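User: I am new to this structure and would appreciate a guided introduction. Could the discussion proceed by question and answer?

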Amino acid sequence: MIRTIKSGSSCVALLARCTRRTPKFMAVRYKHSSYDVAIVGGGVVGLATARELILRHPSLSFVLLEKEKELALHQSGHNSGVIHSGIYYTPGSLKARLCVRGATLAYEYCEKKGIPYRRCGKLIVAVEREEIPRLKALYERGQKNNVRDLSIVDAKGIREREPYCRGLMALDSPYTGIVDWRLISLTYGKDFQEAGGTVVTEFEASDIAAVTESPAGSADGMKFPIAIRSSKGEEVRCRFVLTCGGLYSDRLSQISGCSPEPRIVPFRGDYLVLKPEKHYLVKGNIYPVPDPRFPFLGVHFTPRMDGSVWLGPNAVLAFKREGYQVYDFDTRDFVDALSFRGLQKLVMKNIVYGVGEMYRGLFISAQVKILQKYIPELSLSDVLRGPAGVRAQALDRDGNLVDDFVFDGGAGDVGSRVLHVRNAPSPAATSSLAIAEMIADEVESRFSL
């Protein structure tokens, strides 16, 4: 029996108790240290993969390197918190298989670790007649992907599940849930440390290169031929390197000599939050029917584990890769994005959509107007500006969204010992344990572990 937290107050209380137990990580600082495998990147994918690798190979030494003071601070800690069920993805595709398996593994992991979650379900709601064929196609896609417990409901069924939501027809996905993905990420890290792994924070990798000599005083000879150097001059040596850099995955690849493409372009998503006295308007996730002409899913209603309700997000170009505020700006990130031919082509193909997203980001009333299509009782006075997240969107030079996993190593001595995860597309958090299995398989195959 899956343990689902149903009461809002009990959910908040349990989450508070769990947050007080948030795993802590001892920052380790070394001028020289050597490991069998180094993992660069302490987000949900890097942590899940580090955990999987050390559980498979307990006799090897592992280190995880993270540039921030804490783990899982960026995409892993700035997402919607949804456990997706796998409806949207092409049947038989890697994304579909990983999401469906990942959701099952996520629920099992939460149950095993005592991490609170809610299986509150999701309605994908058609509010216009022309959306109904797309909704039915989504149902067929979900069926082919073996998504659990899907059904089509009419307007009456919508009201039974979401009393304040209005629509013509909806796809009901009761297996969809919510969880605190940062808490899960930190628990992956705790598992990794308890299995003997080392976590090093405040280590920003600035160079990955082959070495020609042993560290002074080392008796290991050339057993550890790869050096990872930090921006502070520290160095870790290892036999093999795996990078899971998220928003910086392209730059981590380049410093080891790989191609600059696909390029990561950051898109910021700004949320609104529903005022507490209006939380009764939303019970579970409410999503629109996605429009295949546009790259993102559109605004939705998302309950959170802390009892809040997020509305949105929009999708606009971020002027800084880790810029969560409207005015956050980084010159290099800005120039890299705007000078990239792929982004220029994407903008030209979606110029009307892009302008609309920027407008809705500036004017809350425009975003509320869209949300009112689903919950007519919602008013401008019911919402406040909320948090934001930044999505690492991989683009090719033709302006196409890279929608699948990209692995890269490069050539030469370094390339044979390095594996870069250059793109781990959404829903990477939901799929994290399944993705970790796939990456670990790739690491074992490439490095003959």
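The exchange below concerns a predicted model.

User: What average pLDDT does the chain have, and where does pLDDT stay under 50?

Analyst: The chain averages a pLDDT of 90, and 90% of the residues score at least 70. Where pLDDT is low, the predicted coordinates should not be read in detail. That caution applies to one stretch in particular, for which the model has 33 contacts beyond four places in sequence: pLDDT stays under 50 over residues 1–20.

User: How many helices and strands does the chain have, and what percentage of its residues is buried?

Analyst: The chain has 13 helices and 20 strands. Among contacts between residues at least 6 apart in sequence, 76% join residues at least 24 apart. Of the 449 residues in the chain, the buried share is 55%.

User: Which element gives the largest share of the largest nonpolar core?

Analyst: This core has 50 residues, and Y188 and L242 touch the most other members. Elements that each supply at least two residues include β1 (34–40), α6 (181–194), β12 (235–243) and α13 (432–447). With nine residues, the largest share comes from α13.

User: Which residues does L242 contact, leaving aside its neighbours within four places in sequence?

Analyst: L242 is one of the two residues that touch the most other members of the largest core. In soluble globular proteins, nonpolar side chains tend to be buried together. Leaving aside neighbours within four places in sequence, the contacts of L242 are A38, I39, V40, T49, L53, L419, V421, I439 and V443.

User: Which element contributes the largest share of the lining of the second largest pocket?

Analyst: This pocket has a volume of about 650 Å³. Its lining consists of 26 residues, with A315, V316, L317, G354 and M358 nearest the centre; by type, the lining divides into 18 nonpolar, five polar and three charged residues. Two or more lining residues come from each of β13 (263–274), β17 (316–317), α9 (341–349) and α10 (351–362). The largest share, seven residues, comes from α10.

User: What volume does the largest cavity have, and which residues line it?

Analyst: The count comes to one cavity of 30 Å³ or more. The largest cavity holds about 40 Å³ of space. Its lining divides into six nonpolar residues, two polar and one charged. The residues in question are K95, L98, F405, P425, S426, P427, A428, S431 and I435.

User: Is D408 buried or exposed?

Analyst: D408 is placed in strand β19 (residues 406–408). Leaving aside neighbours within four places in sequence, D408 is in contact with C258, S259, V418, L419, H420, R422 and R446. D408 and C258 are 150 residues apart in sequence, yet 7.4 Å apart in space, C-alpha to C-alpha. The relative accessible area of D408 is 19%, and since the cut-off is under 20%, D408 counts as buried.

User: Which residues does the cis peptide bond with omega near 5 degrees join?

Analyst: One cis peptide bond, with omega about 0 degrees, joins E261 and P262, and P262 is found in the loop between α7 (249–255) and β13. The other proline to consider, P427, lies in the loop between β20 and α13. The bond with omega near 5 degrees runs from S426 to P427.

User: Is D149, with its positive phi, buried or exposed?

Analyst: D149 is found in the loop between α4 (132–144) and β6 (151–154). Its phi is near 60 degrees, a positive value in a residue other than glycine. Because its relative accessibility is 54%, and the cut-off is over 50%, D149 counts as exposed.

Note on methods
Residues numbered from 1 in each chain as written. Predicted model: local features only at pLDDT ≥ 70, side-chain atom pairs only at ≥ 80, totals over all residues. Heavy atoms only, no water. Core = buried A, V, L, I, M, F, W, Y, C linked by side-chain atoms within 4.5 Å. Buried < 20%, exposed > 50% of the residue type's maximum accessible area, 1.4 Å probe, protein only. Helix = DSSP H or I, 4+ residues; strand = E, 2+ residues; numbered from the N terminus. Contact = heavy atoms within 4.5 Å. 1 Å grid on protein atoms, 1.4 Å probe; cavity = no way out; pocket = protein on both sides within 12 Å on 5 of 7 lines; lining within 4 Å. Points joined across faces, edges and corners; volume = space filled by probe spheres on them. Nonpolar A, V, L, I, M, F, W, Y, C, P; charged D, E, K, R; others polar. pLDDT = per-residue confidence, 0-100.
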